[in-house]
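Dear colleague,

Please find below the structure that I am handing over to you. My notes on what was found in it follow directly after.

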Amino acid sequence: MIGYYVHHHGVGHLTRASSIVPHLHDDVTIFSSRPAPDPVPASEWVTAWVTLPMDIPRDTHGPTDEEARRATAGGALHWAPTGVPGLTERMATIAAWIERHRPRAFVVDVSVEVATFVRLMGIPLVVLAMPGERTDAPHRLAYTLADRIVAPWSRTVYDPDWLHQYADKTVYAGSISRVADRVSVGSRVPDSAVLMSGAGGSSLGAGYLDAVRAATPGTTWRGVGTPGEPWVADVWPVLDTAGVVVTHGGQNAVADVAAANVPAVVVAEDRPFDEQRATAGALSRAGLAVALDAWPDPSAWPDLLRRARALSADLRSATRIDGAAARAAAAIESVARP
């Protein structure tokens with residue numbers, strides 16, 4: 001048995017797990033504070049799903065400085081508030097499951113607190129690395145405790161200095177995409193463009209895409225996850241035929257665009273530790289995408305599209321899409337006890 005913690009914010013951590021878990025040769029139980037998918041995918045890629053209570057106070061007032069200090073255990077952790085029943089319950093749930101099943105390994109994507117707790121219970125620990133500036137004490141603790149670190153990106157594209165000290169236990173698996181194995185559905189439409197927004201929050205306004213359309217009359221635009229646009233359940237046909245894709249800098253979105261090997265503009269949204277800016281900057285330095293730190297004025301898009309269409313690098317190859325999920329699974333199994 002293998003345990004696998006999935007952070008509840010956005011859908012990226014769950015999407016990544018759904019790509020990795022099918023390559024594991026063992027039963028897998030998912031732990032998360034997000035609701036289980038409906039239906040629970042037990043017959044598809046997991047054995048069981050354990051929904052954890054949220055670890056936040058029931059009241060809504062902002063923390064005082066003293067409460068915030070206690071919540072980080074003096075800066076040693078990211079979030080461990082005292083007197084919160086949900087935090088106690090979630091850790092007790094994980095402990096009871098570990099005591100009963102004695103898992104061969106436990107994967108954490110992502111939580112310093114869960115990673116620390118699991119390792120203290122004597123279970124081989126695998127943590128997923130995240131891009132950005134991860135040099136604070138809590139991140140260093142999680143990476144130090146880990147038996148294996150899986151970096152879901154290509155080292156030739158992104159090789160942050162802070163990860164070098166853990167080189168002996170880090171596996172750069174490549175970018176993990178849910179559409180990595182999909183087959184092309186048609187020809188690319190050069191004068192088309194797709195704008196992708198993320199489930200983790202976006203600064204895009206409701207009228208932004210309409211303004212972009214007005215500024216680029218020669219381009220046919222389609223929105224995916226953007227305000228006012230229809231929901232797209234299967235993004236692959238949209239990406240596969242697009243002339244250019246404009247996406248936020250989330251790892252899964254970038255990986256899906258790379259899987260389609262389509263010219264890209266990557267716009268970094270504000271995220272903790274400058275996560276998306278690190279990803280966008282790395283892609284830009286490697287000549288793989290046009291990168292922006294914020295959504296530009298609509299008038300900038302004719303030139304941005306021209307620059308994106310001029311890119312000639314093989315985005316899919318450079319990001320090591322092919323086999324990435326299997327490499328991540330192999331890294332997990334390499335530390336799993338017999």
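**The parallel sheet**

Strand S10 (residues 244-248) and strand S11 (264-267) pair in the parallel sense, and 4 bridges join them. Please keep in mind that this is a predicted model. Within this pair, Thr 247 of S10 stands opposite Val 266 in S11.

Both strands belong to an open sheet of 5 strands, whose order is S9-S8-S10-S11-S12 and whose pairing is parallel. In general, the strands of a sheet pair through backbone hydrogen bonds, either parallel or antiparallel. At the edges lie strand S9 (220-224) and strand S12 (290-292), each of which pairs on one side only. On average, neighbouring strands here are turned by 15 degrees against each other, with direction ignored. Helix H9 packs on the sheet and touches S10, S11 and S12; the direction of H9 makes about 150 degrees with that of S11.

**The cavities**

The structure holds 2 cavities of 30 Å³ or more. The largest has a volume of about 160 Å³. Its lining consists of 14 residues, and the closest to the centre are Pro 152, Trp 153, Ser 175, Val 254 and Thr 279. Which helices each supply at least two residues of this lining? They are helix H8 (251-260) and helix H9 (275-285), and H9 gives the largest share, with 4 residues. By class, the lining of the largest cavity divides into 9 nonpolar, 5 polar and no charged residues.

The second largest cavity contains about 30 Å³ of space. Its lining is made up of Thr 247, Val 254, Val 257, Ala 264, Val 266, Leu 283, Ala 289 and Leu 315. H8 and strand S11 are the elements that give two or more residues to this lining. In this second cavity, 7 of the lining residues are nonpolar, 1 is polar and none is charged. Thr 247 and Val 266, the residues that stand opposite each other in the sheet, thus appear again in this lining.

**A pair of helices**

Two packed helices are described by the angle between their axes and the distance between the axes. For helix H3 (residues 85-101) and helix H4 (residues 112-120), the angle is about 35 degrees and the axes are 11 Å apart. Their crossing is right-handed. H3 contributes Met 91, Ile 94, Ala 95 and Ile 98 to the contact, while H4 contributes Glu 113, Val 114, Phe 117 and Val 118. This contact has 7 nonpolar residues, no polar residues and 1 charged residue.

With kind regards

Conventions
Residues are numbered from 1 along each chain as its sequence is written. This is a predicted model: local features need pLDDT of at least 70, side-chain atom pairs count only at pLDDT 80 or more; totals for chains, interfaces and linings use all residues. Side-chain values use heavy atoms; hydrogens and water are left out. Axes are lines fitted to C-alpha atoms, for helices over the stretch in contact, and angles run from 0 to 180 degrees between N-to-C directions. A crossing is left-handed if the near helix is turned anticlockwise from the far one by less than a right angle, and right-handed if clockwise. Contact means heavy atoms within 4.5 Å. Ala, Val, Leu, Ile, Met, Phe, Trp, Tyr, Cys and Pro count as nonpolar, Asp, Glu, Lys and Arg as charged, and the others, Gly among them, as polar. On a 1 Å grid over the protein atoms alone, a cavity is a set of points where a 1.4 Å probe fits but cannot get out, and a pocket is an open set with protein on both sides within 12 Å along at least five of seven lines; lining residues have an atom within 4 Å of a point. Grid points are joined across faces, edges and corners, and a volume is the space filled by probe spheres set on the points. Two strands pair if DSSP finds at least two bridges between them.
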